[in-house]
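Here are my notes for you as you look through this one. Keep the viewer open and follow along point by point.

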Amino acid sequence: GISFHSPAFRQAVIAVPLALSLFMLAGLLYLFRLPVELRANWVFRIHEPGNGPSFLAGVESFVLCWGVIPVSLLTLPIELSLLGLRSGLEAALLSLLASLVLMELLLFRFDRIPFTSSYFPGRDPVIVTVLKYSLAAAVYVGALSSLIRLVLERPGSILLFFILLVAAWARARSARLASRRIVRLEFEELAEPAVQLLGIDRD
């Protein structure tokens, strides 16, 4: 009793690459926080001055090549076969741009070398973590897939939505690269202090 041409089915197909990219990117960045090679961070500590942006650029390249692009390529045949050639290509392109925007947002506060910094688990309560991921999934997967489906039904708005996603990606990327110039890499993840100090030191 399920029609392949129903709005709900089309939205479900569009939501597949969005959901996979969300969990893939979030999962990669979580794995990067684990102290697998903690003793190796002395190499990066020594070479950090002036080289921090280059180290983080390697993280970006890995996430792009092994997180964003594989999801887009693996889900492309599904979208082409279930949505048609034109709609499938348009949905895949818009989903790819959305994944790029998500990647920039997730990497914005990522200031460490993978596997070489200490990890302090449980900084947020479990309920807070569940709520954050649930909200992210509802907005990024649910709302965005619905919006892409509506855009695909109105060919005149596809170009406008494409430009908006490109502009959002360019703005997020420029802001992230600008913040890298002053950020210091993190090698020790500690619990938040019970008392926040003003940071005023005696001369």
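1. Let's start in the middle. The largest nonpolar core has 31 residues, and Tyr 140 and Ile 148 are the ones that touch the most other members. Do bear in mind as you read on that this is a predicted model.

2. Which elements build that core with two or more residues each? They are H1, H3, H4, H5 (126–152) and H6. The biggest share comes from H1, which puts in nine residues. As background, nonpolar side chains tend to be buried together in soluble globular proteins.

3. Since H1 gives the most to the core, have a look at its geometry. Helix H1 runs over residues 7–32, which makes 26 residues. From its first C-alpha to its last it reaches 38 Å, close to the 38 Å expected at 1.5 Å a residue. Still, there is a bend of about 30° in H1 at Ala 15. Check what comes next in the sequence too: a proline, Pro 17, follows within four residues.

4. Not every nonpolar side chain is tucked away. Val 16, Leu 20, Ile 78 and Leu 82 make a nonpolar patch of about 280 Å² on the surface. H1 and helix H3 (52–83) are the elements that give two or more residues to this patch. Try clicking on Leu 20, which lies in H1. Leu 20 counts as partly exposed because its relative accessibility is 45%, and partly exposed means between the 20% and 50% cut-offs.

5. Now for the charges. Opposite charges on side chains can pair when the charged atoms come close. How many salt bridges does a search of the whole structure find? Six turn up. One of the pairs is Arg 173 with Glu 60, whose closest N and O atoms are 2.4 Å apart. Arg 173 sits in helix H6 (residues 158–180) and Glu 60 in helix H3, so this pair ties together parts that are 113 residues apart in sequence. Are the two partners buried or exposed, fully or partly? Arg 173 is partly exposed, at 24% relative accessible area, while Glu 60 is buried, at 10%.

6. Arg 173 has another partner: its side chain also meets that of Glu 104 in a salt bridge, at 3.4 Å from N to O. Here H6 is linked through Arg 173 to helix H4 (residues 85–107), where Glu 104 lies, so parts 69 residues apart in sequence are tied together. Glu 104 counts as buried because its relative accessibility is 0%.

7. Stay on Glu 104 for a moment. Its side chain also meets that of Arg 176 in a salt bridge, with 2.5 Å from N to O. This pair, too, links distant parts of the chain: Arg 176 is in H6 and Glu 104 in H4, 72 residues apart. Both of these residues are buried. Put the pairs together and you get one network, in which salt bridges with shared partners join Glu 60, Glu 104, Arg 173 and Arg 176.

8. Last stop: the loop between H4 and H5, where you'll find Asp 111. Is Asp 111 buried or exposed? Asp 111 counts as buried, because its relative accessible area is 18% and the cut-off for buried is under 20%. Also turn the view to see Gly 52: the C-alpha atoms of Asp 111 and Gly 52 are separated by 8.7 Å, with the two residues 59 apart along the chain.

Key:
Residues are numbered from 1 along each chain as its sequence is written. This is a predicted model: local features need pLDDT of at least 70, side-chain atom pairs count only at pLDDT 80 or more; totals for chains, interfaces and linings use all residues. Side-chain values use heavy atoms; hydrogens and water are left out. The expected span of a helix is 1.5 Å times one less than its number of residues. The bend at a residue is the angle between axes fitted to the seven residues ending there and the seven starting there. Patches are made of residues with over 30% relative accessible area and no salt bridge: like charges are joined within 9 Å, nonpolar side chains (Val, Leu, Ile, Met, Phe, Trp, Tyr) within 5 Å. Accessible areas come from the Shrake-Rupley method with a 1.4 Å probe; for residues, only the protein chains shown count as cover. A salt bridge is a side-chain nitrogen of Lys or Arg within 4 Å of a carboxyl oxygen of Asp or Glu. Buried means under 20% relative accessible area, exposed over 50%, partly exposed in between (1.4 Å probe, protein chains only). A nonpolar core is a set of buried Ala, Val, Leu, Ile, Met, Phe, Trp, Tyr and Cys residues joined through side-chain atoms within 4.5 Å.
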